[in-house]
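This note is for a colleague opening the entry without prior background. The points below go from the chain as a whole to single residues.

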Amino acid sequence: MLVDEMLWVLRNARRHAADPGLRTASGFAAGAGRAPAVHRAQVGRWESGAVEITQDLVRRYEIVLGLPEGQLLCAIDQFARNASPVRSTAALNPREDPDVDETLQLVERAVAPERMTGHDWDRLSANLGRMPHAMVRAGDWEHLMRRCIHELVVTVGLEYDLRAEAVARLAGHPRSGAVVADMVRDILDDPRAQFYNDTMSLLQFTTHPAALRILLDELSTPTNPDALRACLIALTSLVTGDHLTPGLARAAAHLAIGHLRDSRAPYRVHRGAANLLRALELPGRTRLAQALTAEDRSFAASIILEGRAVPPETLRRVRRRVRAAVDESQPEPDGEPVLYRLLDTALGHTDEMTRSNALSILMISPQGQVVGREYAAELATARAEGDVIAAHECCTVLTWLGRAEDLPLFIDMACSPETGPEMVAEVGVVAGNCVEPRTPVRAAREARCADRLRHVLHDNHAADPNRMADCVRGLTYILGMRGRFDTLAALSSSLDHAADHAVVNEVAQPVLGWWLSMPAHIRPEA
């Protein structure tokens, strides 16, 4: 299957070339003055699997099409990661051995307060992955992984995907198991931690024995809803990879059922627990689903039995709409089965790790903008109809595929007092991940977010801490990703004079402090 997916990556890129003259086999074969010309029949051989796919061949496609370096290679790496999660090397490696001097220079840059690009991380991780006995000090190795995760949280698009693949390679390296376990343990013990999923997801890329114990402890005694959700996602991935013994599986199932039936838990925890129970393939899951339906948790029953959260007719309608829009956007009809599988996984699969891999590929593929446009329309409909489950599912897709053109909707939802706190947290990430140029319109949006955050901080001090934390995280994420550290600093300073608002300070200062303590060489360049 991976070969078919790699061939689709090449065909898809050529057929959507920005220059229409490069979309034909003959036009692409000419090389556009960037690569040696070949006979047009050679393009057919490349894209049909008649010849071996190499890194040099994929780079030719990137160069001739004028794509950023690594864009197609990264998509191939993401497909390969689905098939083989624990892997320390790139899917396609250069024929020559890793350059030791280049690798050491990149290590020195990564442990210094200097900026690293996604391509830097890609080269560094690919080189280290082919050096099982790499001579890197233990402290530096841990620093590499911690820094890459830190950058991962505040990057988008190809820069995100390159770092995500890089840190997965580092986590899969023979010397990384204990480091990953320590990183996860540290983040769970840190009361200031804000983003859990990126770190805890590393556990799926290692077979270190401490990984499962950490996750089961968190499942038994959650740090907070965000950490619990990340734990459920990571455990589901490990179950899918057959890493749980029957005894551990029974323990995980018992704890997951408890969280699923906890009426105080947020939707994302309920969804994560249902996904874990589906992956465990419990013998009595039909009875469990019936009980959940009776308890007004039909979405969880649907996940356990069918792997979907929304009603089947809704899912079919959305899929038809998106597929029609994608087909209409194609320069030529192709009926690519790889594309349709990718869309079905991204749009309907509730397992967050599987779905995230599909969405990360679409994010750097031409079809991503089309899917994002259609899902923004679906989100607007869900909001108007008060369909909370559908809105959550839309935000899952739009976290990856949101467009700047739809920021009016996203910002309005994030700033509206009518939006529930959990939805503010989700749509805040959607809005924060949308890149837009500096204009008066952008400045007005940022001012609105700052005003709403100020209101939450100073007028809602009696609110439930977890609910307030969701609002603060969502709005702060928007401002942080846009580089508005001046605004965040002013808000933090204002809280210093609100000592009577103990709950506000307890909830808000760790969030604001996380962003304000971020080193300059890691902060978003927004």
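Helices here are DSSP runs of H or I with at least four residues, and they are numbered from the N terminus. By that count, glutamate 281 sits in the loop that joins α15 (267-280) to α16 (285-294). The model is predicted.

1. Overall make-up. The protein chain contains 28 helices and zero strands. Its C-alpha atoms, taken along the principal axes, occupy a box of roughly 75 × 55 × 55 Å. A compact globule of 526 residues would have a radius of gyration near 24 Å, and the 23 Å of the protein chain agrees with that.

2. Burial and contacts. Of the 526 residues, 57% count as buried. Among contacts in the protein chain with a separation of 6 or more, 71% are between residues 24 or more positions apart.

3. Surface and charge. The protein chain has an accessible surface of about 21,900 Å², and carbon and sulfur atoms contribute 52% of this. There are 58 positive and 69 negative charges, and the mean positions of the two groups are 3 Å apart.

4. Helix α4. How many of the eleven residues of α4 are buried? The helix, residues 55-65, is mostly covered, with eight buried. These are Leu57, Val58, Arg59, Arg60, Tyr61, Glu62, Val64 and Leu65. The list thus includes the charged residues Arg59, Arg60 and Glu62. Against which helices do the buried residues of α4 pack? The partners are α1 (2-15), α2 (25-29), α3 (40-48) and α5 (71-83). Glycine 66, just after α4, takes a positive phi of about 70 degrees.

5. The annotated span. An unreviewed UniProt entry lists residues 38-72 as "domain: HTH cro/C1-type". In the model this span is 63% helix and 0% strand. The C-alpha atoms at its two ends lie 21 Å apart.

6. Two residues with positive phi. Most residues other than glycine have a negative phi. Alanine 32 has a positive phi of about 55 degrees although it is not a glycine. Alanine 32 belongs to the loop between α2 and α3, and its relative accessible area of 38% makes it partly exposed. Glutamate 281 is also not a glycine, yet its phi is positive at about 50 degrees. Is glutamate 281 buried or exposed? Its relative accessibility is 59%, so glutamate 281 counts as exposed, the cut-off being over 50%.

7. Alanine 279. This residue is part of helix α15. Alanine 279 counts as partly exposed, at 26% relative accessibility. Beyond its neighbours within four places in sequence, alanine 279 is in contact with Thr236, Val239 and Thr240. Alanine 294 is 15 residues away from alanine 279 in sequence, and their C-alpha atoms are 22 Å apart in space.

8. Glutamine 204. The loop between α11 (197-200) and α12 (210-220) holds glutamine 204. Why does glutamine 204 count as buried? Its relative accessible area is 11%, and buried means under 20%, so the residue meets the cut-off. Leaving aside neighbours within four places in sequence, its contacts are Pro85, Val86, Ser237, Leu238 and Met353. The C-alpha atom of glutamine 204 is separated by 9.6 Å from that of isoleucine 233, which is 29 residues apart from it along the chain.

9. Glutamate 374. Helix α21 (residues 367-385) contains glutamate 374. Which residues does glutamate 374 contact once its neighbours within four places in sequence are left aside? They are Arg321, Val322 and Ala325. With a relative accessibility of 11%, glutamate 374 counts as buried.

10. Serine 416. This serine lies in the loop between α23 (407-415) and α24 (421-432). Serine 416 is buried, at a relative accessible area of 11%. Apart from neighbours within four places in sequence, serine 416 is in contact with Arg383 and Arg452.

Methods
Residues are numbered from 1 along each chain as its sequence is written. This is a predicted model: local features need pLDDT of at least 70, side-chain atom pairs count only at pLDDT 80 or more; totals for chains, interfaces and linings use all residues. Side-chain values use heavy atoms; hydrogens and water are left out. Buried means under 20% relative accessible area, exposed over 50%, partly exposed in between (1.4 Å probe, protein chains only). Contact means heavy atoms within 4.5 Å. UniProt positions are given in the numbering used here, feature names are shortened, and annotations may be inferred rather than shown by experiment. The radius of gyration is taken over C-alpha atoms; the globule rule is 2.2 Å times the number of residues to the power 0.38. Accessible areas come from the Shrake-Rupley method with a 1.4 Å probe; for residues, only the protein chains shown count as cover. The place of a charge is taken as NZ of Lys, CZ of Arg, CG of Asp or CD of Glu.
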